[in-house]
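Q: Hi! Could you walk me through this structure before I head back to the bench?
A: Happy to. Here it is.

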Amino acid sequence: MFFTLSKLVWFVFSPVNLAILLAGLAALLAFTRFARFGRGLGVLALLALSLMAFSPLPRIVIRPLENRFPQQDAAKGPVAGIVVLGGAIGVARGDVVLTSAAARMTKAVELARLHPEAKIVFTGGAANLVTPVTETEADGARLLFEGLGLPPERLVLEDRSRNTRENAVFTRRLVEPKPGERWLLVTSAWHMPRAMGVFRKAGFTVEAFPVDYWSENEPADFIRPYGRAPRGLSIADDGFKEWVGLLAYWLAGYTEALFPGP
């Protein structure tokens with residue numbers, strides 16, 4: 001129920017979708033006696049879209065999330081396993097499709113070669129609400145990892161999870177981590193606080209290994225605009241979604257802290 005409700009609510013209230021819906025409503029009101037209100041609504045929607053598309057706002061939103069867990073030295077000790085969260089890969093026409101979060105997958109391969117004794121655990125099913133599931137993210141991960149030379153016996157693929165909480169719960173049951181083992185968690189830096197929170201709540205002790213940074217952690221983050229609207233809109237949407245997700249997961253009891261930290 002939580003999964004379905006979260007998908008439906010976010011479809012309407014994601015900042016980009018909401019601004020577009022408000023712009024559409026403003027256009028309709030222009031032909032009614034509420035035309036004046038419609039013009040104001042249209043200006044508000046256009047301003048919101050412009051701020052998300054071209055201003056530094058997306059980086060400002062995403063920066064605190066990315067700074068929460070610093071990246072560590074990948075070679076500082078033996079590793080039992082590397083857990084890679086879904087959201088970066090899929091399958092289309094029988095071939096691998098990578099998203100803008102592809103660094104999760106490439107870093108997993110890099111870590112796998114650095115730690116040849118470690119298991120590579122990918123967790124990600126399919127988040128389809130309407131269309132039937134034919135191939136999962138785990139299917140794409142298998143194609144990619146084996147295609148890049150990782151032995152099949154090193155791979156552990158979890159293909160039922162649909163969100164971050166299920167990633168943590170299902171993966172813990174699958175790998176049964178032992179006390180004292182070192183497990184790395186690989187996901188986008190902006191997603192790491194929520195991911196660490198749910199893994200802790202699930203009783204799976206992991207070390208954060210963030211990748212896929214969108215901010216530079218430099219003063220320029222607060223002043224540099226975007227040259228391409230789609231990139232700014234995408235980062236803003238994911239950034240706001242992550243802040244809302246942190247609150248929703250905390251209220252639902254999926255994490256112990258509102259903003260999990262090191």
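A: One term before we start: a residue is exposed when its relative accessible area is over 50%, and buried when that area is under 20%. Also keep in mind that this is a predicted model.

Q: Good to know. So in helix α3, which residues are exposed?
A: R36, R39 and V43 are exposed, on the other side of α3 from its buried residues.

Q: And which ones are buried there?
A: The buried residues of α3 are A35, G38, L41, A45, M52 and A53. Seen down the helix axis, they fall within an arc of 110°, so they line one face of α3.

Q: What do those buried residues pack against?
A: They pack against three helices: α2 (15–29), α4 (57–67) and α9 (229–252).

Q: How far does α3 reach from end to end?
A: Helix α3 covers residues 35–54, and its first and last C-alpha atoms are 28 Å apart, close to the 28 Å expected for its 20 residues at 1.5 Å a residue.

Q: Switching topics: which residues touch the most other members in the largest nonpolar core?
A: That would be I82, M105, F122 and F145, in a core of 26 residues. Helix α5 (103–114) and strand β1 (81–85) are among the elements that each supply at least two residues, and α5 gives the most, with 5.

Q: What does M105 touch?
A: Leaving out residues up to four places away in sequence, M105 touches V84, A88, I89, L98, F122, A141, L144 and F145. Apart from this core lies another one of 19 residues, including F69, V83, L85 and F204.

Q: I noticed a lysine, K107. Where is it?
A: K107 is in helix α5.

Q: Buried or exposed?
A: K107 counts as buried, because its relative accessibility is 18% and the cut-off for buried is under 20%.

Q: What does K107 touch further along the chain?
A: K107 touches F209 and V211, again not counting residues up to four places away in sequence. K107 and V186 are 79 residues apart in sequence, with their C-alpha atoms 7.9 Å apart in space.

Q: Last thing, pockets. What volume does the largest one have?
A: The largest pocket has a volume of about 1300 Å³. It is lined by 48 residues, of which K7, A127, R162, R194 and K241 are the closest to its centre.

Q: Which element supplies the largest share of that lining?
A: Helix α9 does, with 9 residues. Others that each supply at least two residues include α1 (2–13), β2 (89–92) and α7 (164–175).

Terms used: Residues numbered from 1 in each chain as written. Predicted model: local features only at pLDDT ≥ 70, side-chain atom pairs only at ≥ 80, totals over all residues. Heavy atoms only, no water. Core = buried A, V, L, I, M, F, W, Y, C linked by side-chain atoms within 4.5 Å. Buried < 20%, exposed > 50% of the residue type's maximum accessible area, 1.4 Å probe, protein only. Helix = DSSP H or I, 4+ residues; strand = E, 2+ residues; numbered from the N terminus. Contact = heavy atoms within 4.5 Å. Expected span 1.5 Å × (residues − 1). Arc of directions from axis to C-beta. 1 Å grid on protein atoms, 1.4 Å probe; cavity = no way out; pocket = protein on both sides within 12 Å on 5 of 7 lines; lining within 4 Å. Points joined across faces, edges and corners; volume = space filled by probe spheres on them.
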